[in-house]
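Trainee: Could we go through a few of the labels people attach to residues, and what stands behind them?
Mentor: Gladly, let's look at the model together.

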Amino acid sequence: MNFQPLGKRVLIKRLEEMKTTASGIIIPDNAKEKPLNGEVVAVSKEVEDIKTGDKVMFAKYGGTEIKLDNEEYLVLSIDDILGIIK
């Protein structure tokens, strides 16, 4: 994959959520919401605070979903990122 975000944007790969509850109940895929955190895969040259490999939390309705090499990604404006998970 060769994708370079432009402007103040980053490319995110969503992190998988747990598929079972604490009590062991399995949650079907169609009942789950998409995760609101992910790993930064690519960063535009204008972004200074976030690096490739950072794990971030982002706004629920932010970004644009794209598909590259049969993988789903999210292109987010830096303003849609709420913070870095340490």
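Here we take three loop residues in turn and ask what earns each label.

Mentor: A word on the source: this is a predicted model, where local features need pLDDT of at least 70, side-chain atom pairs count only at pLDDT 80 or more, and totals for chains, interfaces and linings use all residues. Residues are numbered from 1 along each chain as its sequence is written, and side-chain values use heavy atoms, with hydrogens and water left out.

Trainee: Why does Ser44 count as buried?
Mentor: Buried means under 20% relative accessible area, exposed over 50%, and partly exposed in between (1.4 Å probe, protein chains only). Ser44 has 4% relative accessibility, so it counts as buried.

Trainee: What is Ser44 in contact with, beyond its neighbours within four places in sequence?
Mentor: With Gln4, Pro5, Leu6, Gly7, Lys8 and Arg9, where contact means heavy atoms within 4.5 Å.

Trainee: Which backbone atom lies 2.4 Å from a polar atom of the Ser44 side chain?
Mentor: The backbone oxygen of Gly7.

Trainee: Why is Asp69 called exposed?
Mentor: Its relative accessibility is 58%, so Asp69 falls on the exposed side of the cut-off. Asn70, at 70%, is therefore exposed as well.

Trainee: What makes the phi of Asp69 worth a remark?
Mentor: Phi of Asp69 is near 50°, a positive value in a residue other than glycine. Asn70 also has a positive phi, near 65°. Most residues other than glycine have a negative phi.

Methods. A polar contact is a pair of N or O atoms within 3.5 Å; within protein, one must be able to donate a hydrogen and the other to accept it, and residues adjacent in sequence count only if both atoms are side-chain atoms.
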